[in-house]
Amino acid sequence: MNLSICITCYVVFLFLYSIIIIAIEATSFYVGLTFAILPLLCYILLNWFAIPKPSEAAVHEILGENLWQNEAVRSSFESDSSSSLDDNAFVIRTIAHRGCGLDAPENSIAAMKLCKKNGCKCIEIDVFLTADKIAVVFHDDTLDRMTDGVGLISEHTYEDLQRLQLVFQPKFDAKDTFADERIPTLDECIAFCMESNTKLILDVKDSSNEV
C-alpha cells in the first residue's frame, strides 16, 4: 500500500472531522443561545403589547361588587357555609348571550325583557352599523338567518330594516308572539338597560372605525 495515499486519506479524514466538530459546536452554541434568549424575548414582547389591567374602580363600576371584598358576606360564608348569600353581593351570576335567544328572537327588546323577568342582571348584545350609520343590535353581517330579508345589513338603511320582521323558531308553537319585533337600535337597548338597572356587554361586530 502506498504510504503517501494513506497519509493523504488520513489528513483528509482529520480535516473533514474537524469541520464537522466545529459545525456541531457552533450549532450547539447558537442553539443554546437561542433557548436562553428566546424566552426572555417572548416575555418582553408579551409585556410590551399586553393590554393593561383595568383599574379596580372601572371593574367595580362595570361588574359590581366583588363578593370576597365584602367583609360581612365573607364572614357569614366562612362561619356558616349553608347560609344564603345576598345576590347583590355577587359580581355577575349570569350573562344572557344575545338576550334570551332561545326563548325570543335574539338581540331583540323582547329577549332583553325576558332576561330581566328571569332575574338576569347582565346582557350581551351585538352591534352593527346600517348604511345610514345608525348603530343597531344584530349578530350576523347578513339579514338572511334572523329576518325575512336578505343581504348585508351594512347595505340597508335603518328605515329598510324596520320593514323586516325578526324570525324566531321557538321550541314551542308561538309564531305570533313576536310578530311585531324589529331590529332595535343600540340606543333603545341602552335605554332599556338603564331603566331596568341591567348591566350591558357590547360585542361590536362591525369592522369599520365609525362605530
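**Charged pairs and nonpolar cores in a predicted model**

Biologist: Is arginine 163 buried or exposed?
Modeller: In this predicted model, the relative accessible area of arginine 163 comes to 56%. The cut-off is over 50%, so arginine 163 counts as exposed.

Biologist: With which residue does arginine 163 meet in a salt bridge?
Modeller: The N to O distance in this pair is 3.0 Å, and a salt bridge requires a distance within 4 Å. The partner has a relative accessible area of 26% and is partly exposed. The partner of arginine 163 is aspartate 160.

Biologist: How many salt bridges does the count come to?
Modeller: One of them joins arginine 163 and aspartate 160. Another is formed by arginine 145 and aspartate 140, with the closest N and O atoms 2.7 Å apart. The count comes to 7.

Biologist: Which of the two, arginine 145 or aspartate 140, is buried?
Modeller: Arginine 145 has 42% relative accessibility, so this residue counts as partly exposed. The relative accessible area of its partner is 14%. Buried means under 20%, so the buried residue is aspartate 140.

Biologist: Which residues do salt bridges that share partners join into one network?
Modeller: Arginine 98 forms a salt bridge with glutamate 106, their closest N and O atoms being 3.2 Å apart. Both of these residues are buried. Arginine 145 and aspartate 140 form another salt bridge. The network joins Arg98, Glu106, Asp140 and Arg145.

Biologist: Which side chain of opposite charge is nearest to glutamate 124, and how far away is it?
Modeller: Glutamate 124 lies in strand 2, residues 122-129. This glutamate is buried and has no salt bridge. Its contacts include Ile95, His97, Arg98 and Asp203. A salt bridge needs the charged atoms within 4 Å, whereas the nearest side chain of opposite charge is that of arginine 98, at 5.3 Å.

Biologist: Which helix supplies the largest share of the largest nonpolar core?
Modeller: This core has 14 residues, and Met112, Cys115, Ile123, Ile125 and Cys189 have the most contacts inside it. Helix 4 (109-117), strand 2 and helix 6 (186-196) each supply at least two of its residues. The largest share is 4 residues, and these come from helix 6.

Biologist: How many residues are in the second, separate core?
Modeller: In soluble globular proteins, nonpolar side chains tend to be buried together. The second core includes Leu143, Ile153, Tyr158 and Ile183. Its number of residues is 11.

Conventions:
Residues are numbered from 1 along each chain as its sequence is written. This is a predicted model: local features need pLDDT of at least 70, side-chain atom pairs count only at pLDDT 80 or more; totals for chains, interfaces and linings use all residues. Side-chain values use heavy atoms; hydrogens and water are left out. Buried means under 20% relative accessible area, exposed over 50%, partly exposed in between (1.4 Å probe, protein chains only). Lys and Arg count as positive and Asp and Glu as negative; His and the chain ends are not counted. Contact means heavy atoms within 4.5 Å. A nonpolar core is a set of buried Ala, Val, Leu, Ile, Met, Phe, Trp, Tyr and Cys residues joined through side-chain atoms within 4.5 Å. Lists of a residue's contacts leave out its neighbours within four places in sequence.
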